[in-house]
Amino acid sequence: YFILFLIGVVAADTLIGAISLAMVIKLFLKDSVVVEIALKDSGVAIFLIFYTVIMAVIIFPLFFYHLTLICRAQTTNENLRGVYWNRYDNPHDKGNFENCIAFWRTFGQNRSNRFQNKQ
C-alpha cells in the first residue's frame, strides 16, 4: 500500500505546484499589475511553488526507487541486503512489463483475512 501513498503524494505535489505556478504566471502577465502588487497577491502561491519543489526533491526519488523495485520483482529488504546482485539471479523476475502487470494483478491478494469471522 506504500506505493499507492507515493502515487497520491506525487500527484498532489504535481497538481499543487502546477496550479500555483499557473496562478503566479497569470498575475505577472497582467499588463496593469505592478510587480510589487503581484508579489503581494501571490505570496502564498510562491511559497507553495518552493514547497512543492522541495517535496519533489524528496518524494520523486523515493517513488522511482519503489517503481524500480516493482519492475525488478524485489522487496526493499532484498534490495538493501543485496540478495540478488543482478537481475538474472532473481527467480521471480520475468521482465519489467510482466513484473508490473503481476504486481498490480496480485496487489492485495496475499493479505491475511484477519478481519473476517472464522468459523
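These are my notebook entries on what I looked up in this predicted model.

**Entry 1: the fold as a whole**

I began with the secondary structure, and I found five helices and zero strands in the chain, so that the order along the sequence, by the helix and strand assignment, reads α-α-α-α-α. I then turned to burial, and I noted that buried residues account for 21% of the 119 residues in the chain. The accessible surface of the chain comes to about 9,300 Å², and carbon and sulfur atoms supply 65% of it. For the contacts, I took those between residues at least 6 apart in sequence, and I found that 53% of them join residues at least 24 apart.

**Entry 2: Asn90 and what its side chain reaches**

I looked up Asn90 next, which sits in the loop between helix H4 (76–81) and helix H5 (96–105). Is Asn90 buried or exposed? Its relative accessible area is 6%, and because the cut-off for buried is under 20%, I recorded Asn90 as buried.

I then asked which backbone atoms the side chain of Asn90 reaches. The backbone oxygen of Arg72 is reached at 2.9 Å, and a polar atom of the same side chain lies 3.2 Å from the backbone oxygen of Ala73. Leaving aside residues up to four places away in sequence, I listed the residues that Asn90 touches as Arg72, Ala73, Gln74 and Tyr84.

Ala73 itself deserved a separate look, and I placed this residue in the loop between H3 and H4. Its phi is near 60°, which is a positive value in a residue other than glycine. With a relative accessible area of 24%, Ala73 is partly exposed.

I also checked Asn86, which lies in the loop between H4 and H5 and is partly exposed, with a relative accessible area of 39%. From C-alpha to C-alpha, Asn86 and Arg72 are 9.7 Å apart in space, while in sequence they are 14 residues apart.

**Entry 3: Asn99 in helix H5**

I looked up a further asparagine, Asn99, whose place is in helix H5. At 5% relative accessibility, Asn99 falls under the 20% cut-off and therefore counts as buried. What does the side chain of Asn99 reach? I found the backbone oxygen of Cys71 at 2.5 Å from it.

**Entry 4: aromatic rings**

I counted the aromatic pairs in the structure, and there are five. One of them is formed by Phe47 and Tyr51, with 6.2 Å from centre to centre and 25° between the planes; because planes under 30 degrees apart count as stacked, I logged this pair as stacked. Both residues lie in helix H3 (residues 43–72), four residues apart, which is about one turn of the helix. Phe47 is exposed, with a relative accessible area of 53%, whereas Tyr51, at 42% relative accessibility, counts as partly exposed; the two labels follow because exposed requires over 50%.

I also noted that ring pairs link Phe60, Phe63 and Phe64 into a cluster. From Phe63 I went to Phe5, which has its place in helix H1 and counts as partly exposed at 48% relative accessibility. Phe5 and Phe63 are 58 residues apart in sequence, and their C-alpha atoms are 9.5 Å apart in space.

Phe50 was my last ring here, and I found this residue in helix H3, where it counts as exposed at 55% relative accessibility. How far apart are Phe50 and Ser20 in sequence and in space? They are 30 residues apart in sequence and 9.8 Å apart in space, C-alpha to C-alpha.

**Entry 5: a nonpolar patch on the surface**

I closed with the surface, where I asked which residues form a nonpolar patch. The patch consists of Tyr1, Leu4, Ile7 and Trp104, which together have about 410 Å² of accessible area. Of these I looked up Ile7 individually, and I placed this residue in helix H1 (residues 2–29). Ile7 counts as partly exposed at 35% relative accessibility, and this value satisfies the requirement for patch members, which is over 30% relative accessible area.

Note on methods:
Residues are numbered from 1 along each chain as its sequence is written. This is a predicted model: local features need pLDDT of at least 70, side-chain atom pairs count only at pLDDT 80 or more; totals for chains, interfaces and linings use all residues. Side-chain values use heavy atoms; hydrogens and water are left out. Helices (H or I, at least four residues) and strands (E, at least two) are DSSP runs, numbered from the N terminus. Buried means under 20% relative accessible area, exposed over 50%, partly exposed in between (1.4 Å probe, protein chains only). A polar contact is a pair of N or O atoms within 3.5 Å; within protein, one must be able to donate a hydrogen and the other to accept it, and residues adjacent in sequence count only if both atoms are side-chain atoms. Contact means heavy atoms within 4.5 Å. Patches are made of residues with over 30% relative accessible area and no salt bridge: like charges are joined within 9 Å, nonpolar side chains (Val, Leu, Ile, Met, Phe, Trp, Tyr) within 5 Å. Accessible areas come from the Shrake-Rupley method with a 1.4 Å probe; for residues, only the protein chains shown count as cover. A salt bridge is a side-chain nitrogen of Lys or Arg within 4 Å of a carboxyl oxygen of Asp or Glu. Rings of Phe, Tyr and Trp (its six-membered ring) pair if their centres lie within 6.5 Å; planes under 30 degrees apart count as stacked, over 60 as edge-to-face and the rest as tilted.
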